[in-house]
Structure formats: structure tokens, C-alpha cells
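Biologist: Please take one part of this model and go through it closely with me, beginning with a single charged residue and its partners. After that, I would like to see how the rest of the chain looks around it.

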Amino acid sequence: MIEIQELTKAFGGNIVLDKVTFSIHNREFLVILGSSGAGKSTLLRCINGLLAPTSGQIRMDGTVYTQKNIRELRRKVGFIFQHYEVIGNLSVMQNVLLGSLGTKSFWNVFFSREERVKAAEAIELVGLGDKVHVRVDQLSGGQKQRVGIARAVFQNPQVILADEPVASLDPVTSLEILSLLKRIKEEKGTTIVCNLHQLEYARTFGERIIGIRHGMIQYDGQASRITEADIRNIYGNAYMLEQGEREEEGRTAAQLVHS
Ligand SMILES: Nc1ncnc2c1ncn2[C@@H]1O[C@H](COP(=O)(O)OP(=O)(O)O)[C@@H](O)[C@H]1O
Ligand SMILES: [Mg+2]
């Protein structure tokens, strides 16, 4: 559905993505795994057209991304941010509706009844049905991320790109948010591409993992087949540090499963 071919992105002389080639399949939960600075955010921003590649090609349903069609392609893609990017002094409903502003004239912000119904459904789906008119700055981090997810779902995208959606959340809330993304994939058939730096979450929620380090793919395969050697290639020297973190996450996940 999305094909990425020899995608290279450089900032000045600094090559951040180096001839990255892979495909995103329909209805999969794909995790992009890598430590901080690996190039994960840059990759997602290229995929939704926020950044122009230095070289290489991205195709969606056979159509090559160009300056001319980028807006049309972007409409099929929802985005979820690490720091939520919600507007604090507006309500949940207003935040979700404003997600569609890109397709409306700024001077004519009018929302039809149909749009409001659709927004209410998205808000219900993410479990904020009792918070529709609450100001977003009164919500917890996990609830704010749910607003971010509802805003993406409201646009009815084929793909949701999530850039470290749980990096600012505690472990219990992180598992809830990743479970919600998984449920959206299953109920609505939305493809999920989720950046993560934590291996345990990647293994638990990813059907497929693409591991990157220094902008190069180190692993592309089933989550269940990733080996210790692959993990070492993905994390490099950060491996030992990551191992400590992994034990902690493993314990949290186990506690939740057994409680
Ligand atoms: N706009 C930018 N200008 C210059 N360098 C950037 C820019 N965005 C990212 N980088 C650099 O690209 C590298 C990868 O960053 P990023 O994609 O944010 O990695 P990750 O999301 O995996 O932590 C980093 O070294 C970062 O400093
Ligand atoms: Mg990042």
C-alpha cells in the first residue's frame, strides 16, 4: 500500500536516512524501532509529506508522491504525536473537529451535523464519551493522547502514523494507548505505523518490526522472530542500557497480565 524506495534524507551534510527501502502493508501493525536519534521521526515525517526526501521515492497505492499531489495523499494519512499537539483551551470536540481544518477554508470554519456526529463517534471510540465538552487542558496525559487519536480517527485515514505516542506516558497508560491503537486496527482496518524506542512494547504490539540505526534498516521481519543479534544491531552500544529498561517493562507487562 505504501512503498518506500531508497529514501534518503540529509540535513545539510548529515545523512539521517540512508537509502531506506521497505513496504507498509494493508492492515498491519508495523513498529519502527530504534534508539533516540536513529531517524524514526524523520522517516514518519517523510511518509506523511511533512518533509521532502533528499532522494528516493514514496508511493501510495501506486501513486508517486510529488509536490502536486502531496495534500491529496496526506488526506489518507493520520498522524499522532509524542506531545499530543492538542489545543489546551479548546474542548475535546473542538480539537477533534479542528483536525479536519486542513480540508476547509480557514475563514469558513463551519461544521455540519454529520461531522459532529462523526467526531462524537471517534471520541466515544477512544473512551472519552463523558468528556466531549471538557477543556483539553483539564485532561491527563493519557486522555490528551486519546484526543490525539480521536482527531486522527475522525479523518478516516487508511494509515495512522504514530510518532512515539507513549514516550511521555507511564507504563500502565502506555499499554492502554497501544492497546487502543491495536483495537482501531482490528475494528476499522486502519494500518498502524508506530515509532517506538522500547523493545518490549514493539514485541507485544508489533506484528512486524523494522529496526533502524543511524538511518539504516537493521531488521525487517515478524516481531516474534527478532533475535538477540538483531536487537544488538538495532541498539548498538545502547544495548546494555536498553536491557535494563526491558526488564522493567517486562515486569510491568507481566503484572498487568496477571492482575
Ligand atoms: N530538522 C532537522 N534539522 C537538522 N537535523 C535534524 C532535523 N531533524 C532531525 N535531525 C537529526 O536527524 C537525526 C535523527 O533524528 P530523528 O529522526 O528525530 O530521530 P528519532 O526520532 O529516531 O529520535 C538526529 O541526529 C537529529 O539531530
Ligand atoms: Mg523521534
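Modeller: Happy to. Let's start with D220, which is partly exposed, with a relative accessible area of 40%. Please keep in mind that this is a predicted model.

What does D220 meet in a salt bridge? Its partner is R208, and the N to O distance between the two side chains is 2.8 Å. As for where the partners sit, D220 belongs to strand β10 (residues 216-222) and R208 to strand β9 (residues 208-213), so the salt bridge ties together parts that are twelve residues apart in sequence. The two ends of the pair fall into separate accessibility classes: R208 has 9% relative accessibility and counts as buried, because the limit for that class is under 20%, whereas D220, at 40%, is partly exposed. The pair is also part of something wider, since salt bridges with shared partners join E28, R208 and D220 into one network. The general idea behind such pairs is simple: side chains of opposite charge can pair when their charged atoms come close.

How many salt bridges does the structure hold? There are eleven, and two others are worth setting beside the one you are looking at. E3 pairs with R59, with 3.7 Å between the closest N and O atoms. This salt bridge links distant parts of the chain, as E3 is in strand β1 (residues 2-11) and R59 in strand β4 (residues 55-60), 56 residues apart. Both partners are partly exposed: E3 has a relative accessibility of 30%, and R59 has 22%. K131 and D130 form another salt bridge, their closest N and O atoms being 3.6 Å apart. Here K131 is partly exposed, at 22% relative accessible area, while D130 is exposed, at 60%.

From the salt bridges we can move to helix α1 and the ligand. Is α1 largely enclosed or largely open? Six of its eight residues are buried, so the helix is largely enclosed by the rest of the structure. Those buried residues are K40, T42, L43, L44, C46 and I47. Just after the helix comes G49, which has a positive phi, near 80°.

Helix α1 (residues 40-47) also matters when you list what surrounds ligand 1: with three residues, it gives the most to the shell. The full set around the ligand is F11, V16, S35, S36, G37, A38, G39, K40, S41 and T42. By type, this shell divides into three nonpolar residues, six polar ones and one charged one.

Which backbone atoms lie close to oxygen atoms of the ligand? A polar backbone atom of G37 is 2.7 Å from an oxygen atom of ligand 1. For G39, a polar backbone atom is 3.0 Å from an oxygen atom of the ligand, and for A38 a backbone N or O atom lies 3.2 Å from one. Taken alone, ligand 1 exposes 560 Å², and the protein buries 58% of that area.

Two loop residues deserve a look at their backbone angles. R27 is not a glycine, yet its phi is positive, near 60°. R27 sits in the loop between β2 (14-24) and β3 (29-33), and it is exposed, with a relative accessible area of 55%. E85, also not a glycine, has a positive phi of about 55°. This residue is in the loop between β6 (77-80) and α3 (92-98), and at 46% relative accessibility E85 counts as partly exposed.

Finally, here is the chain around all of this. Its secondary structure comes to nine helices and ten strands. Of its 259 residues, 47% are buried. The accessible surface is about 12,700 Å², and carbon and sulfur atoms account for 48% of it. Among contacts between residues at least 6 apart in sequence, 68% join residues at least 24 apart.

Definitions and conventions: Residues are numbered from 1 along each chain as its sequence is written. Chains are lettered from A and ligands numbered from 1 in the order in which they are written. This is a predicted model: local features need pLDDT of at least 70, side-chain atom pairs count only at pLDDT 80 or more; totals for chains, interfaces and linings use all residues. Side-chain values use heavy atoms; hydrogens and water are left out. A residue is near a molecule or strand if one of its heavy atoms lies within 4 Å of it. A polar contact is a pair of N or O atoms within 3.5 Å; within protein, one must be able to donate a hydrogen and the other to accept it, and residues adjacent in sequence count only if both atoms are side-chain atoms. Accessible areas come from the Shrake-Rupley method with a 1.4 Å probe; for residues, only the protein chains shown count as cover. Helices (H or I, at least four residues) and strands (E, at least two) are DSSP runs, numbered from the N terminus. Ala, Val, Leu, Ile, Met, Phe, Trp, Tyr, Cys and Pro count as nonpolar, Asp, Glu, Lys and Arg as charged, and the others, Gly among them, as polar. Buried means under 20% relative accessible area, exposed over 50%, partly exposed in between (1.4 Å probe, protein chains only). Contact means heavy atoms within 4.5 Å. A salt bridge is a side-chain nitrogen of Lys or Arg within 4 Å of a carboxyl oxygen of Asp or Glu.
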